[in-house]
Amino acid sequence: MITYDSIQELADKARKKGKRISELVLEDQALHMEQSKDELLELMRKSLHVMAAAAKSGLASQSLSASGLSGGDANKMKQVVDGGRSLSGKVLSETLAKALAIAEVNACMGRIVAAPTAGSCGIIPALLLTLKEEHHLAEDQVVMSLFTAAGLGMVIAKKASISGAEGGCQAECGSAAAMAAAAAVELMGGSPQMSAHACAFALKSVLGLVCDPVAGLVEVPCIKRNASGAANALVAAEMALAGIESTIPVDEVIGAMKAIGDAMPKALKETAEGGLADTPTAKKIAREILR
């Protein structure tokens, strides 16, 4: 599998060739994986179908996870949307509902796509599936946008990290939001450079975010962070599509995230020893679950 050294390099290459980032990524991966583009498209389409099925299942479910810490919140959010009671409009509220739904399916041991991780699985599909529905986009367009998300995710993973245990939640939900924002920009007709700016906006908004799962489970605060991560991605995409540019180049933002992750204490990186996991309520929950 080919990887990329920088997002700016990828955006510049796409601009010079008059192509979208997704087209470059698909061509490169097909060449280096010795598979046809059609084969890779079909694999990505299957991933999209898994994402959609998880969203549908999670939105309809009111079941609790084995720990009892999560479940049913996506259904509550969906009821607000369907009842016309949303404060923020249908696109954002639908995105929040789907992000919660997919993350809840993960907590209930259902089938999801790690995008880029299981803990951040709701962010990318929530935004892209909502845009597909609300803007009546073809499935093929969404499938292609996932290649943009993948390409940028490879850069982040190579230059920094996508692991909460290594870089905190900035590296997990932050990376997912950055990938989702870039993919959404392309999906809505933005340029490769706009996708790069969207990626930077999303990452800048969560620099320093710790990974502090209560009782060591990927539920609290992880599921709600999928919703906020999806909202972050939508905001980043909106700004980039409006022509707003990131003052700090995207690859420097990734470098900053890496430096912050390296400096972050171990207690704040998925150990359940710090942050929210160290609060009195969280400790009580952990004791009850262990008992």
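The following legends describe close-up views of a predicted model.

**View 1. The second largest pocket draws its lining from helices H3, H5 and H6, among other possible contributors.** The space within this second largest pocket amounts to about 170 Å³. Its lining comprises 15 residues. Nearest the centre of the pocket lie Ala-52, Ala-55, Lys-98, Leu-129 and Glu-133. Helix H3 (37-60), helix H5 (90-107) and helix H6 (123-134) each contribute at least two residues to the lining. H3 provides the largest share, with six residues. By class, the lining of the second largest pocket consists of nine charged, five nonpolar and one polar residues.

**View 2. The largest cavity is lined in part by helices H8 and H12.** Two cavities of 30 Å³ or more are found when the whole structure is searched. The largest cavity holds about 60 Å³ of space. Its lining is formed by Ala-160, Ser-161, Glu-166, Gly-167, Gln-170, Ala-171, Met-257, Lys-258, Gly-261 and Asp-262. Helix H8 (164-167) and helix H12 (250-263) each supply at least two of the lining residues, and the largest share, four residues, comes from H12. The lining of the largest cavity divides into four polar, three nonpolar and three charged residues.

**View 3. The second largest cavity encloses about 30 Å³ of space.** Arg-20, Ile-21, Glu-186, Gly-190, Ser-191, Pro-192 and Ser-195 line this cavity. Three of these lining residues are polar, two are nonpolar and two are charged. Two of the lining residues also appear in the helix contacts shown in the views below: Glu-186 belongs to the H9 side of the contact with H7, and Pro-192 belongs to the H10 side of the contact with H1.

**View 4. Helices H7 and H9 pack with their axes 8 Å apart.** Helix H7 (residues 139-159) and helix H9 (residues 173-187) meet at an angle of about 140°. H7 is therefore oblique to H9, and the crossing of the two helices is right-handed. On the H7 side, the contact is made by Gln-141, Val-142, Met-144, Ser-145, Thr-148, Ala-149, Ala-150, Leu-152, Gly-153 and Ile-156. The partners in H9 are Ser-175, Ala-178, Met-179, Ala-182, Ala-183, Glu-186 and Leu-187. By class, the contact of H7 with H9 contains 11 nonpolar, five polar and one charged residues.

**View 5. Helices H1 and H10 cross with their axes within 8 Å.** The angle between helix H1 (residues 7-17) and H10 is roughly 160°. Because angles over 145 degrees count as roughly antiparallel, H1 is described as roughly antiparallel to H10. H1 passes H10 in a right-handed crossing. Ile-7, Gln-8, Ala-11, Asp-12, Ala-14 and Arg-15 of H1 make the contact with Pro-192, Gln-193, Ala-196 and Cys-199 of H10. Six nonpolar, two polar and two charged residues take part in the contact of H1 with H10.

**View 6. The loop between H5 and H6 contains Met-109 and Pro-116.** Most residues other than glycine have a negative phi, and most peptide bonds are trans. Met-109 has a positive phi, near 65°, although it is a residue other than glycine. In this loop, Pro-116 is joined to Ala-115 by a cis peptide bond with omega of about 0°.

**View 7. A cis peptide bond runs from Val-220 to Pro-221.** Omega for this bond is near 5°. Pro-221 is located in the loop between helix H10 (192-204) and helix H11 (222-241).

Methods: Residues numbered from 1 in each chain as written. Predicted model: local features only at pLDDT ≥ 70, side-chain atom pairs only at ≥ 80, totals over all residues. Heavy atoms only, no water. 1 Å grid on protein atoms, 1.4 Å probe; cavity = no way out; pocket = protein on both sides within 12 Å on 5 of 7 lines; lining within 4 Å. Points joined across faces, edges and corners; volume = space filled by probe spheres on them. Nonpolar A, V, L, I, M, F, W, Y, C, P; charged D, E, K, R; others polar. Axes fitted to C-alpha atoms, helices over the stretch in contact; angles between N-to-C directions. Parallel < 35°, antiparallel > 145°, perpendicular 65-115°, else oblique. Left-handed = near helix turned anticlockwise from the far one by under 90°. Contact = heavy atoms within 4.5 Å.
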